[in-house]
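Me: I have a model open and want to go through it piece by piece. Can you take some quick questions?

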Amino acid sequence: MSTDPLTGDTPPEPEAAAAVPAPDAHAGEDTVEAPGADDAGAVGGEPSGASATAAQPGETGRAGAAGESGTADESSTADGRSAGDAPASADAGGPAGESIPADEAASAGEAGEPGATAPDARPAGDTAKTAGTGDAPADTSPVRPKASGPSAATATAAQLAEAVRAVERGERSAASFFAEAPRAARPAATKPPAGKPEGTPAERTRPAPEAAAPHPAARPTAPATPRPPAPRSAPPAPTAPGIEGVRQILTAGGAPAALAEKTAEVLGERAAETLRADPWQLLTVPGVRPDQADGFARALLGSACGPDDERRAQALVLWLLEQAAVAGHSALEASALRAALAQRAVPDPDAALQTAIAEGAVLVFQDALDTPGQSRLAPAEDEEDDRPVRILLGLDRFAMAEESVADGLARLLNTFEPPADVPSDVRGPATETDEAEGEDQDPESPSENGAPARGPLKAPDEAGEEPGEETGPGPARPSVADWARVATAAPSPSAAELIQAAALNGLVAHTGAEAARAEPAALIAAARSLGLRAYGATHTENGRDRLAAHLADLSVPPAAPEAAAGDLTAAAVTVSGLLSGQEGPGRDTDGALALDLLVVLDAPQLDLETGAMLIESLTDGTRLILSGDPGVLWSTGPGRLFADLLAARFCDQVASRTPDFGPIGELVSGIGIGELNQVEAPGKEVVIVPVRDAGEAVHRTVQLVAESVPRAFGIPADQAQVITVGHGGAAGTRVLNAALKERLNPGPGRFGGFDPGDRVAYTPTPGRTLPGTVTGADATGLHLDCAGTAVAVPREEVEAGALRHGWALTAHQAAGRRWPAAVVVLPGDAAAGLTRSWVYTAFSRGERHLSIIQGADQALPHAVTDIPAKERTTRLRTLLQLQLTASETSPTPIHPK
């Protein structure tokens, strides 16, 4: 029996975990199966289950007692986020709320980590896009697939597969794999990234970066020769037109008719004909699993359905890459993808991959691996590249997004014009030469991240150019003296350093924790005082409000230009609002964002496609500052844009020296460097509550939120946020939200399972969560109050699962936000989802109080010490380094001195 550490009260005996309400049609929408899961036995076979992971008894928590079962089914993505944080979708006939079996996740290396089956998996290194779709042995001519039939394609695929393996084994040069002439181009889709607002300058012509690295090769292409369809058991029945035809064929295949609208949305107007010709196209509908698609195909094709059907293999290749993207990867190793296909009963994975490459559905890249003591940069043209490589495969849209980000960042650096009166002794961004020269500098001079010393800005001497020289109509062009003046007035040394870096560079990376957010605010205020159109964009509305609070604390000089005369807090916007035009300055006549300086806070949450869209929207010469805490979880979408930018040392970096104070700040700071320390908390700012099982964890969570925290700290229940590892499991968000609703806002759930007063989490687009409260409902849908903003959720979105109860969230849903109090729940089955970045993110969400429901025992310190993050396979770091390599031979290098 435990004593309440906040009030001294003795709680009643632990109750059993609150029962989950009867599952509806959308109860399983957040289940995403990881590539490599072993569901392949027979076509359409059911995956095997797994038992819960039992925690060992330890010092701070007890788990594994009777009543605790199940695994945290949504803790299965590569970065620790739950699969439920991915786009919600209707289940395609599978058991509602079915979790990812642990043995399936283990086949991918870590729970739900696509691509981890390769024993030599490493972070992405130097990559180059292929010029061809395969290779033949060096002493023979390339063999092309012919249109004569499957046998010719199979023979060619075998040769191509053997060539790929020869490169991976090091038996032949990687360059020979890329020596073939490209195939005839296959038309590529031109649809812009999802969610791109109208007016985004996707087609606007921009000057090419002067030092942009050439793309390693053209995209793989192929002759437009369709695959011969597999034989059918009977002539197809007539299909009704429109959505009725989709319902008809779904019903014929045993799939829920409720999938018809989503299927038509994904496959288009001819969805019914597409499914009849290729039933495995059902896998393109979010939420459909391979075993369900196999059953659908078997019902339609009868005896003609088999695991060796080429259509099945091609659908699985694309599905596996899509699932890898859900887990954060922008590409996968060829060996991992082959293994995942083999586990799903594809008889010839090599042939399946080569067919996908030949048809242009998949792109292939070579990735040079890190070798100790050897530079990651590509060797000179006259040098032979003998570094080990691996072959990566990826989808076109993610490859385009990574290349767009790399090219856009290089463009901003190339087109930036520093103040005309920059003294010659003021250094620019880091280069390899700078690093060598910096070895002899005073060790106190360099910044903490190893960037070269940055001397203070000084006004030009009297013989030089006058400060603030008029340059005629156009954007403001502050002089060095102007920047030096505002840097001197900065509220902290770190803020002054950031202002100096922004004065001299078109691209700056700024790192720091919560207290360091005041530094970008100081930069925005300083830039606006100089007449620049400066804005700060955050990941969430809560982050925007916190930035606005920092801006409100800063005063603008009375003599500031008109651009700074307005409300300074208007400079705080969200990334989504800025791109849509609902917030910020809007766009100019060319479609670019009408601003001169943009600070993106919460940069680790910036995914590839959103980042590409944002950077493309910036006009040449705009200053871009990416700011964030490198210790938090990465984006919900694929990629790790901010981490790759830091690792590539592509631009000037400023590391804040402003610490987070207080017991919570001390605890989180230790976690950031891999140490889980005990901290002194005289005011009970940090409380650890040991629990024996999931039922007790749920009981104590409800008690803390409803009674203890409000009584001890005066924080009402609606300002305390519960955070747990996943949506499933015996102490996941579903169970916790059911128990919290019963205690805090009981009701019958009259409106799609919700009642007025319910706390909810609304996901209007993938990766974006809006916490709010239900205020009412009508025939059109539910009405919410999201931080003072009225939001209407259409009935269709409610039925599709875009709305959940929000008393309890996952750490990924909570990223970018803070609450007065946070209650972090760590049940015994959460061990597989814990990483240092997860713990860092969850523990740093509370401002005044943090309660830790500890049932994970030694899994918690193990995660903090030994598991920094679940790796992602990306190409951006290498693309940025290729830009640096190209700039070394350019007349105008990316990093001018």
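Me: Which strand is T769 in?
Reply: T769 sits in strand β14, residues 768-778. Keep in mind that this is a predicted model.

Me: Is T769 buried or exposed, and why?
Reply: T769 has a relative accessibility of 10%, so T769 counts as buried, the cut-off being under 20%.

Me: What does T769 touch, skipping residues up to four places away in sequence?
Reply: The contacts are A761, Y762, T763, Q813 and R817.

Me: Zooming out, how many helices and strands does the chain have?
Reply: There are 27 helices and 20 strands. The chain has 897 residues, and 55% of them count as buried.

Me: And the accessible surface of the chain? What does that come to?
Reply: About 35600 Å², with 53% of that belonging to carbon and sulfur atoms.

Me: Switching to sheets. What is the strand order in the open one with 6 strands?
Reply: The order is β7-β6-β8-β9-β5-β10, and the pairing is parallel. β7 (572-574) and β10 (652-655) each have a single partner strand, so one side of each is left without a neighbour in the sheet. On average, neighbouring strands in this sheet are turned by 25° against each other, direction ignored.

Me: How many bridges are there between β5 and β10?
Reply: β5, residues 507-511, pairs with β10 over 4 bridges, in the parallel sense. One residue to look at is A509, whose bridge partner in β10 is Q653.

Me: Which strands does helix α15 lie across?
Reply: Helix α15 (residues 518-529) lies across β5, β6 (534-538), β8 (597-600) and β9 (623-628). Relative to β6, helix α15 runs at about 155°.

Me: Now the largest nonpolar core. Which residues have the most contacts inside it?
Reply: L598, L624 and F650, in a core of 75 residues. Helix α14 (residues 493-504) gives the largest share of this core, 8 residues.

Me: What is L598 in contact with, leaving aside neighbours within four places in sequence?
Reply: L598 is in contact with Y535, A537, L578, L614, L618, R623, L624 and I625. Apart from the core that holds L598, there is another core of 45 residues, including V246, A255, W280 and L332.

Me: Last one: what share of contacts in the chain is between residues 24 or more positions apart?
Reply: Counting contacts with a separation of 6 or more, 78% are between residues 24 or more positions apart.

Methods
Residues are numbered from 1 along each chain as its sequence is written. This is a predicted model: local features need pLDDT of at least 70, side-chain atom pairs count only at pLDDT 80 or more; totals for chains, interfaces and linings use all residues. Side-chain values use heavy atoms; hydrogens and water are left out. Two strands pair if DSSP finds at least two bridges between them. Helices (H or I, at least four residues) and strands (E, at least two) are DSSP runs, numbered from the N terminus. Axes are lines fitted to C-alpha atoms, for helices over the stretch in contact, and angles run from 0 to 180 degrees between N-to-C directions. Contact means heavy atoms within 4.5 Å. A nonpolar core is a set of buried Ala, Val, Leu, Ile, Met, Phe, Trp, Tyr and Cys residues joined through side-chain atoms within 4.5 Å. Buried means under 20% relative accessible area, exposed over 50%, partly exposed in between (1.4 Å probe, protein chains only). Accessible areas come from the Shrake-Rupley method with a 1.4 Å probe; for residues, only the protein chains shown count as cover.
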